[in-house]
Amino acid sequence: LRALQASTSNPAVCTPAIAGKTVAVNLGYACNDPTTCSSGNRLTVNSTAVAGSPNSSPTQNSTPVNLNFDANGSAPITLNYADVGRITLYASTTVTPPGGAAASLRGNSNAFVVKPFSFVLGGVQCQGATANPGAADAQGGKFCPAGEDFSLTVTAVASGGVATPNYGREVMAESVRLLPTLVGGLGLAANPAVAGNFGAFSNGVASGNAFSWGEVGIITLQPGVGDSDYLGAGDVLGAASGNIGRFY
């Protein structure tokens, strides 16, 4: 973050407005997409949690954070957002130059996107009753008949595994796709797509109870962003599940 003012000798030139000292700067963020922030002020700046505001808010909530400005008027900041979406960072403070009147400094970042760190699958059951045995080979336990419904849950997570509540609440709601991979060593080749979809996300978690895989064998599933492009910032792939099956 850089604090600037017009040079007193040449107004076309910017010079530091704050230099060589620590100043409390009011920092906040707006949730652009999704247009509302999840609870808990999930953005930290230099390890201090700062306040968030809905995109439509006429004024931004803010939190004072002490920043160390160098001789060039620059203060290093480190952001950590424990959620997902497109956000904008806002900053303001008041400065009083020597011999001058107090003046307000205000500015904002460009809007930027924070993607999920990963996706985690769980709750694998056939017809909502038979737990997945995770068979390793053709002698392993039976799971589902080929083409029969099974259920899954998926969680969009931040680094560290905490759910990201805003996933799936975007203006054009993001979803999750499933990529099946055959478990090797079984002599099988057919690997159709997995049919079915997750329902709406709530607090970063979604479930579906009508998935199906129309073949026999054992697979793993890898979750990814539904359209392979989270808010224009690219794909995210979660870790592959353990073995699912055997389908018979």
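This passage walks through the strands, cores and ring contacts of a predicted model.

The strands of the N-terminal part make a convenient start. Strand 3 (21-33) runs parallel to strand 5 (residues 48-54), and four bridges hold the two in register. Within that pairing, C31 has P54 of strand 5 as its bridge partner. Strand 5 also pairs with strand 4, this time in the antiparallel sense and over three bridges. Here T44 sits across from A49 in strand 5. Strands 4 and 5 make a hairpin with two residues between them, and N46 takes a positive phi near 50° there.

The loop that leads from strand 3 to strand 4 (43-45) carries S38. With a relative accessibility of 13%, S38 falls under the 20% cut-off and so counts as buried. Its side chain makes a polar contact of 2.4 Å with the side chain of D83. Once neighbours within four places in sequence are set aside, the contacts of S38 are D83, P165 and N166. D83 turns up again in the surroundings of Y167, whose contacts beyond four places in sequence also include V84, P116, F119, A156 and E174. Further along the chain, Y167 is in contact with residues including F201, V225, G226 and Y230.

Next come the sheets. Four strands line up as an open, antiparallel sheet in the order 12-11-13-15. Strand 12 (130-131) and strand 15 (205-211) are the edge strands, each with a single partner, so each has one side with no neighbour in the sheet. Five bridges join strand 15 to strand 13 (residues 150-157), again in the antiparallel sense, and T153 faces S207 of strand 15.

Strand 16 (residues 217-225) has eight of its nine residues buried, so the rest of the structure largely encloses it. Seven bridges pair strand 16 with strand 14 (residues 176-182) in the antiparallel sense, with T181 placed opposite T220 of strand 16. Strand 16 also runs antiparallel to strand 17 (residues 244-247), to which two bridges join it. In that pairing I219 has I244 as its bridge partner in strand 17.

How do the nonpolar residues group? The largest nonpolar core has 29 residues, and F150, Y167, F198 and L221 are the members that touch the most others. At least two residues of this core come from each of strand 11 (118-126), strand 13, strand 14, strand 15, strand 16 and strand 17. A second core, separate from this one, has 21 residues, among them A3, V45, V50 and V95.

Aromatic contacts add another layer. A pair of aromatic rings is described by the distance of the centres and the angle of the planes. The model holds ten aromatic pairs. In one of them, Y29 and Y81 have ring centres 5.6 Å apart and planes at 70°, so the arrangement is edge-to-face. Because Y29 belongs to strand 3 and Y81 to strand 7 (residues 79-81), the pair ties together parts of the chain 52 residues apart in sequence. Both Y29 and Y81 are buried.

The pair formed by F150 and F211 has ring centres 6.1 Å apart and planes at 35°, so it is tilted. It too links distant parts of the chain, with F150 in strand 13 and F211 in strand 15, 61 residues apart. F150 is buried at a relative accessible area of 0%, and F211 is likewise buried at 1%. These two rings belong to a cluster in which ring pairs link F143, F150, F198, F211, W213 and F247. F150, then, appears both in this cluster and among the best-connected members of the largest core.

The loop between strands 12 and 13 rounds off the picture. Q139 is found in this loop and is exposed, with a relative accessible area of 70%. The C-alpha atom of Q139 lies 9.0 Å from that of R246, although the two residues are 107 apart along the chain. As for K142, its charged end sits over the ring of Y248, 4.6 Å from the ring centre.

Conventions. Residues numbered from 1 in each chain as written. Predicted model: local features only at pLDDT ≥ 70, side-chain atom pairs only at ≥ 80, totals over all residues. Heavy atoms only, no water. Buried < 20%, exposed > 50% of the residue type's maximum accessible area, 1.4 Å probe, protein only. Pairing = 2+ DSSP bridges. Polar contact = N/O pair within 3.5 Å; in protein donor to acceptor, adjacent residues only side chain to side chain. Contact = heavy atoms within 4.5 Å. Core = buried A, V, L, I, M, F, W, Y, C linked by side-chain atoms within 4.5 Å. Phe/Tyr/Trp six-rings, centres within 6.5 Å; stacked < 30°, edge-to-face > 60°. Lys NZ or Arg CZ within 6 Å of the ring centre and 35° of its normal.
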